[in-house]
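Visitor: Please give me a close look at one part of this model: the strand pairing at its centre of interest, and what can be traced from there. Keep it brisk.

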Amino acid sequence: MDTMRDRFIATTGRLLDDDPRLALVLAEISRDGFQQAERRHPDRVINVGIREQLLIGAGGGLALTGMRPIMHTFASFLVERPFEQLKLDFGHQGVSGVLVSAGASYDWPAGGFTHMSPGDVALLDTLDGWTVHVPGHPDEAETLLRRAVAGDELVYVRLSLQSNASPHPVSPGFATVREGRDGVVVAVGPMLDNVLAATEGIDVTVLYATTIRPFDGPALHRAVDGARPDVVLVEPYLAGTSTAAANDALAALPHRVLGLGVSRRELRTYGSIDEHLVGQGLDPTGLRGRITSFLGG
């Protein structure tokens, strides 16, 4: 199976052929994959080098001319490093574009903490109007990317090497994968397979989210109406990123919310992705213990 990043490169090359409104801005990362697209569209495939603030600034400039820019690099260099440019060159200027990241929270542990971005979605949450897609499979990534470039919104597509074994239909909100009565577990993107394994035999509703912003409060409210109002959010980035959104959605109901994800504590032993999942308690065994402890409390 190809990776989400492979699918992004292949799909974006075709989209550039089909839509003259699109432009791609790179900062070295993935440039090799776009060599053919660069030859075909030298005026719309722009590599600014390792200058991430310029990456966003150039994208903002293209947007001001009416283009639809796609900006791509590792998440830590796409959201964290040029955050001021995102705030000013897009939000303040009132223009839109598509951010597509790679690297996620710890896809390349050997690269060290500079290449890890567990806080990207939480940071974007401080800005207004961003749609955030977190696909769990390359097929979902392609669908969400195509939707993102066809629109006129501010969109962040968060790609990862982590993937569920099979794709699921992509809906604008949360999809019900399993129904139960002892609580609700929301699995975001590539966390779904681990959540399903962790909750096997437990009578809980499992919701699946590939779009986490805007937060689908109505779907969560409906799920809680049919189950005990205990909610566990399992996100592949900073733990608790969506707990405020869940609490707001359930403000009229007595409820409890537990946010699981990547800890603020830095893991300084850079093992594999699977070892990081275990270290963060996001593997099936770790999730099962934390979910059952919370629901039994």
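Guide: Strand 3 (residues 68-74) and strand 4 (residues 98-102) run parallel, joined by five bridges. Strands here are DSSP runs of E of at least two residues, helices are runs of H or I of at least four, and both are numbered from the N terminus. Two strands count as paired if DSSP finds at least two bridges between them. One position fixes the register: I70 sits opposite V98 of strand 4.

A word on the source. The model is predicted, so local features need pLDDT of at least 70 and side-chain atom pairs count only at pLDDT 80 or more, while totals for chains, interfaces and linings use all residues. Residues are numbered from 1 along each chain as its sequence is written, and side-chain values use heavy atoms, without hydrogens or water.

Now widen the view. Strands 3 and 4 belong to an open sheet of seven strands, ordered 2-1-3-4-6-5-10, with mixed pairing. Its edges are strand 2 (45-47) and strand 10 (211-213), each pairing on one side only. From one strand to the next, the twist averages 20° (axes are lines fitted to C-alpha atoms, for helices over the stretch in contact; angles run from 0 to 180 degrees between N-to-C directions).

Next, F74, in strand 3. F74 is buried, with a relative accessible area of 12%. Buried means under 20%, exposed over 50%, and partly exposed in between, with a 1.4 Å probe and protein chains only. F77 is buried too, at 9% relative accessibility.

Which aromatic pairs are there to look at? The structure holds three. Rings of Phe, Tyr and Trp (its six-membered ring) pair if their centres lie within 6.5 Å; planes under 30 degrees apart are stacked, over 60 edge-to-face, and the rest tilted. One pair is F8 with F34: centres 5.7 Å apart and planes at 75°, so edge-to-face. That pair links distant parts of the chain, 26 residues apart. F8 belongs to helix 1, while F34 lies in the loop between strand 1 (22-26) and helix 2 (35-40). Both are buried: F8 at 3% relative accessibility, F34 at 1%. Back at strand 3, the rings of F74 and F77 have centres 6.2 Å apart and planes at 55°, so this pair is tilted.

F74 also helps to line the largest pocket. A pocket is an open set of points on a 1 Å grid over the protein atoms alone, with protein on both sides within 12 Å along at least five of seven lines; a cavity is a set where a 1.4 Å probe fits but cannot get out; lining residues have an atom within 4 Å of a point. The pocket's volume is about 150 Å³ (points are joined across faces, edges and corners, and the space filled by probe spheres set on them is the volume). Besides F74, its lining is T3, M4, R5, A102, G103, D107, W108, L159, S160 and L161. By class, the pocket lining has six nonpolar, three polar and two charged residues (nonpolar: Ala, Val, Leu, Ile, Met, Phe, Trp, Tyr, Cys and Pro; charged: Asp, Glu, Lys and Arg; polar: the others, Gly among them).

There is one cavity of 30 Å³ or more, with a volume of about 30 Å³. Its lining takes in V100 and F8, along with M4, R7, A141, E142, L145, V157 and L159. Helix 1 (4-18) and helix 7 (138-150) each give two or more residues to that lining. Seven of the cavity's lining residues are nonpolar, none polar and two charged.

A further sheet is worth setting beside this. It is open, has five strands in the order 7-9-8-11-12, and its pairing is mixed. Strand 7 and strand 12 (256-262) are the edges; each has a single partner strand, so one side of each lacks a neighbour in the sheet. The twist there averages 25° from one strand to the next.

Look at strand 9 (residues 205-209): five of its five residues are buried. T205, L207 and A209 point one way, V206 and Y208 the other. Strand 7 (residues 175-178) runs antiparallel to strand 9 over three bridges, with T176 partnered by L207. Strand 8 (residues 184-188) runs parallel to strand 9 over five bridges, and V184 stands opposite T205. Farther along the order, strand 11 (residues 230-238) and strand 12 pair in parallel over six bridges. There, L233 faces G259 of strand 12.
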